[in-house]
Amino acid sequence: MAEAASHEFRCKLRWTGGASGTAFDYGSFSRDLALEVQGKAPITASAAPGYKGDLSKHNPEDLLMASLAACHALTYLAICSLSKVRVLAYEDEISGTLEKSGEVMKFTHATLRPRVTIASVDDESRALSLHEKAHQQCFIMNSVNFPVAVEARIVVAG
């Protein structure tokens, strides 16, 4: 079966801060949002705490980092499966830097730090090299305008 040339994704965003009944004032308005994708549980979100948001809720910056990490992980795991590299565990810690660049705030770089546990020592170098292939094929990574580094670590079980 041929892969479709394009896919459309939809999300509904609703500002939930207006439900509090407080007057709209820049300094004090609620930054609370609901993100809804049909058929899935809603995500409550807010601004980052530095922008007067709710620390207990996801913010767009968190979600961008999570999207990068998840896309790389899923791409890597698919490539490993096709390459017959048996992955036993995968975890990642991603960090990104948001800073002023000219007149705007933007992400200037991010770093993924995946730690992958594999079954066989014979696959160690190949498992490491497959991160580069995943990096090239990750569509979220290909969609951002800042560099994303991958500092992968392979661990052999046993």
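Here's a short chat between a trainee and a mentor about this predicted model.

Trainee: Let's start with the sheet. In what order do the strands of the open sheet come?
Mentor: The sheet is open, has 3 strands and shows mixed pairing. S4 (87–91) and S9 (153–156) each have a single partner strand, so they stand at the edges with one side lacking a neighbour. From one strand to the next, the twist averages 20°. Written out, the order is S4-S7-S9.

Trainee: How do S4 and S7 run, parallel or antiparallel?
Mentor: Strands in a sheet pair through backbone hydrogen bonds, and either direction is possible. Here 4 bridges join S4 to S7, which covers residues 115–118. Glu91 stands opposite Arg115 in S7. As for direction, S4 and S7 run antiparallel.

Trainee: Which helices lie on that sheet, and what angle does H2 make with S9?
Mentor: Helix H1 (residues 60–82) lies across S4, S7 and S9, and runs at about 165° to S4. Helix H2 (residues 124–137) also packs on the sheet, touching S4, S7 and S9. The angle between the directions of H2 and S9 is about 150°.

Trainee: On to the aromatic pairs. What kind of pair do Tyr76 and Tyr90 make?
Mentor: The whole structure has 2 aromatic pairs. For Tyr76 and Tyr90, the ring centres are 5.8 Å apart; the planes sit at 45°, between the 30 and 60 degree cut-offs. Tyr76 lies in helix H1 and Tyr90 in strand S4, so the pair ties together parts 14 residues apart in sequence. By its plane angle, the pair is tilted.

Trainee: Is Tyr76 buried or exposed?
Mentor: Buried means under 20% relative accessible area. Tyr76 comes in at 0%, so the label is buried.

Trainee: What about His72: which residues does His72 touch?
Mentor: His72 is found in helix H1. With a relative accessible area of 0%, His72 is buried. Leaving out residues up to four places away in sequence, its contacts are Tyr90, Leu112, His131, Ala134, His135, Cys138, Met141 and Val150.

Trainee: How many disulfides does a search of the whole structure find?
Mentor: A disulfide needs two cysteine sulfurs within 2.5 Å. Take Cys11: its nearest cysteine sulfur, that of Cys71, is 17 Å away, and Cys11 is in no disulfide. Searching the whole structure gives a count of 0.

Trainee: Last one: which ring does the charged end of Arg31 sit over?
Mentor: A charge over a ring has to be within 6 Å of the ring centre. The charged end of Arg31 is 3.9 Å from the centre in question. That ring belongs to Phe29.

Technical notes. Residues numbered from 1 in each chain as written. Predicted model: local features only at pLDDT ≥ 70, side-chain atom pairs only at ≥ 80, totals over all residues. Heavy atoms only, no water. Pairing = 2+ DSSP bridges. Helix = DSSP H or I, 4+ residues; strand = E, 2+ residues; numbered from the N terminus. Axes fitted to C-alpha atoms, helices over the stretch in contact; angles between N-to-C directions. Contact = heavy atoms within 4.5 Å. Phe/Tyr/Trp six-rings, centres within 6.5 Å; stacked < 30°, edge-to-face > 60°. Buried < 20%, exposed > 50% of the residue type's maximum accessible area, 1.4 Å probe, protein only. Lys NZ or Arg CZ within 6 Å of the ring centre and 35° of its normal.
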